[in-house]
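This report describes selected side-chain interactions and the burial of selected elements. The sequence and structure are shown first.

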Amino acid sequence: MNELRQRSVAEEDLEELCEKDSFTAVKALLRKVIEKKYNNVHFRRRAGLYLCLLVLLSVYFLHSLVVALQCQDTGLTSAFVETIDHQPVYFLEAGKRGVEKSRERDLYLKKFRVDKMRSDSLPMNRQLADYRPEVCKVKPYKITQLTISVVIVLDIAPPSVVLRAIFSTIRRTNPENLANIVVYAQKGSVDMKDYVYAHQLSHLVRIVTSPVKKTLSSARNEAATYAKGDILVFIPEASEILPGWAEPLLEAFLDNPSLLAGLSMDEVNGETFTQVEHVPWHLISLPRWDFVTTVSIEIPEHEQKRRQLLPYQTLPPLDPVLQFLPWAAGREHFLEMGGLDEGMLGTASEVPGDILELSIRWWACHGEVVYLPCSKVAFVSLLGTPPLSGHIKAEIQLKNSQRTATRWGSQYMEYYHKAVPKSKYQSASHSTKIEQMISSLSCQSFHWFITNIAVDWNYGDKLRRQGAIKSTQGDACVDTMGHDGRYSRGDPSFTNVTEGTPNAGSTSPATPRSG
């Protein structure tokens, strides 16, 4: 009966089709077939599957189109874009709760001095605020073909912090201006090779490994030999590059390739990894007579007038000396100058005095030292106790300051001995290589530096008063004078510390500190 019924229906359909023209007949026949097929369960399942595949292919095509546009704008490979847009899976840890997680965080804080677990949970390409002066954001910068090499010396930072420094450098630097990134790993630091290969960064990142622990000065000098760019930029291992940092830097070196430039800084809290504005852009630095620390002052009036001569008033202010800021130097000039003094002691976490000595040498040997308020880097503030004890740090500061003082300040040793009384009883080490370089380049004297460059430095006859602050409660120290506070009763150097130390940072009488 079913076959007869189907035959009768088919005959009726044929008769109906024959009454119409050929085109209309074909359309009607296809519609009949689709209607009958759609009533079939298997046909509906297959149609649904094909529809899902079509949707997935459309989504993949749109995603590929977006990635291709990103690559066209940034010059990056599609694999790299996909890598940094997602959190690396080997940083994600699950199943740890309560006390166990708290103990693990405490261990990480002690080892890395940052909250590693918080850092691991953050994306590699996170956005940070732009706290630069408004004039820095609107100024048009010159286009240049100069290239940058970023140097990072590893010490104690965890992998996610170092990777964020690398990723932020790549994403916020024009590919045409980024030559390479040199990561210098040494004994005790994290091994970044696997992370670099996993993220397909080997074409930009050069890993240099040292089997021994070196001072920061030695490590930076060696890392600089692997750089390919025209400009060397030295940043801390725990840092993040901020938006718009490269254009002001490149323009400054385009106008003067022999610069030594300090970059402005923001701060990232090492526990919460939140960003705060750190160093005011309107300050410059002067040395102190201990030749380790510096004092910050407002940009002097004569320097402000010089900067106002140009449009936008963004001429980099001349800076007598740099602090511990991230800094940059022309590669050829840096190598010609002998690099950093490798006799300066200290690791990547504690390096007193090496940048100050380089600043004086740079000025004396016919270079210029400037501060770039429009080029910013955010550094991650370290938590906990520094790896060096107070006693060891004081000894390092003493040795480093002696090298700088005997090289440059031999005419003014009375001020140095007042600032660092212990220096009277110890001999200083020397660097024959740097001293020969100073002689061959016919560098200026320290007297020329303080009379022509550090003209706002108060010393000697410029001081209205000088003297000491002494506690009325016995021999307790009111101020450790830059030392670690070991001077106390019974220490023969205690009386020397409290005698007539010039106040290099102020022209007013000294006043006791509260507390």
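## Salt bridges, ring pairs and enclosed helices

K213 counts as partly exposed, with a relative accessibility of 39%. The model in which this residue is placed is a predicted one. The side chain of K213 forms a salt bridge with that of D155, with an N to O distance of 2.4 Å. K213 belongs to the loop between β3 (205-209) and α10 (216-224), whereas D155 belongs to the loop between β1 and α8 (159-171), so the pair ties together parts that are 58 residues apart in sequence. Unlike its partner, D155 is buried, at a relative accessible area of 5%; the limit for that class is under 20%.

### Further salt bridges

The structure contains 15 salt bridges in total. Two further examples can be set beside the pair just described. In one, D266 is joined to K376, and the closest N and O atoms lie 2.7 Å apart. This pair links distant parts of the chain, since D266 is in strand β6 and K376 in strand β11, 110 residues apart. D266 is buried, with a relative accessible area of 0%, and K376 is likewise buried, at 3%.

In the other, E395 forms a salt bridge with K422, the closest N and O atoms being 3.6 Å apart. E395 is part of helix α15 (residues 390-408) and K422 is part of the loop between α16 (413-419) and α17 (432-440), so this bridge ties together parts that are 27 residues apart in sequence. E395 is buried, with a relative accessible area of 18%, while K422 counts as partly exposed at 22% relative accessibility.

The three pairs are listed below.

| Salt bridge | N to O distance |
|---|---|
| K213 and D155 | 2.4 Å |
| D266 and K376 | 2.7 Å |
| E395 and K422 | 3.6 Å |

Salt bridges also occur as a network, which links D341, E357, R361, R403 and R407.

### Two covered helices

Two members of that network, E357 and R361, are among the buried residues of helix α14. Eleven of the eleven residues of α14 (residues 354-364) are buried, so the helix is largely enclosed by the rest of the structure. The buried residues of α14 also include the hydrophobic side chains I355, L356 and L358, together with W362 and W363. After α14 comes H366, which has a positive phi, near 75 degrees.

Helix α11 (residues 246-255) is mostly covered, with seven of its ten residues buried. The buried positions of α11 are A246, P248, L249, L250, E251, A252 and F253. Their cover includes the strands β1 (148-153), β4, β6 (259-268), β10 and β11 (368-380).

### Aromatic pairs

Across the whole structure, 15 aromatic pairs are found. In one of these, the ring centres of F234 and W327 are 4.3 Å apart and the ring planes meet at 25 degrees, so the pair is stacked. F234 is in strand β4 (residues 231-235) and W327 in strand β10 (residues 327-330), so the contact ties together parts that are 93 residues apart in sequence. Both F234 and W327 are buried.

A second stacked pair is that of F446 and F449: the centres are 5.8 Å apart and the planes are at 25 degrees, so the pair falls in this class. Here both residues lie in helix α18 (residues 446-452), three residues apart, or about one turn of the helix. An α-helix has 3.6 residues a turn, so residues three or four places apart point the same way. F446 and F449 are both buried. They also belong to a cluster in which ring pairs link W289, F291, Y412, Y415, Y416, F446, F449 and W457.

A ring can also face a charged side chain: K116 lies over the face of Y108, at 4.7 Å from the ring centre.

### A buried serine

S285 is located in strand β8 (residues 283-287). S285 is buried, with a relative accessible area of 2%. Leaving aside residues up to four places away in sequence, S285 touches T294, V295, S296, D319, P320, V321 and Q323. S285 and I297 are twelve residues apart in sequence, and their C-alpha atoms are 6.2 Å apart in space.

Methods: Residues numbered from 1 in each chain as written. Predicted model: local features only at pLDDT ≥ 70, side-chain atom pairs only at ≥ 80, totals over all residues. Heavy atoms only, no water. Phe/Tyr/Trp six-rings, centres within 6.5 Å; stacked < 30°, edge-to-face > 60°. Helix = DSSP H or I, 4+ residues; strand = E, 2+ residues; numbered from the N terminus. Buried < 20%, exposed > 50% of the residue type's maximum accessible area, 1.4 Å probe, protein only. Lys NZ or Arg CZ within 6 Å of the ring centre and 35° of its normal. Contact = heavy atoms within 4.5 Å. Salt bridge = Lys/Arg side-chain N within 4 Å of Asp/Glu carboxyl O.
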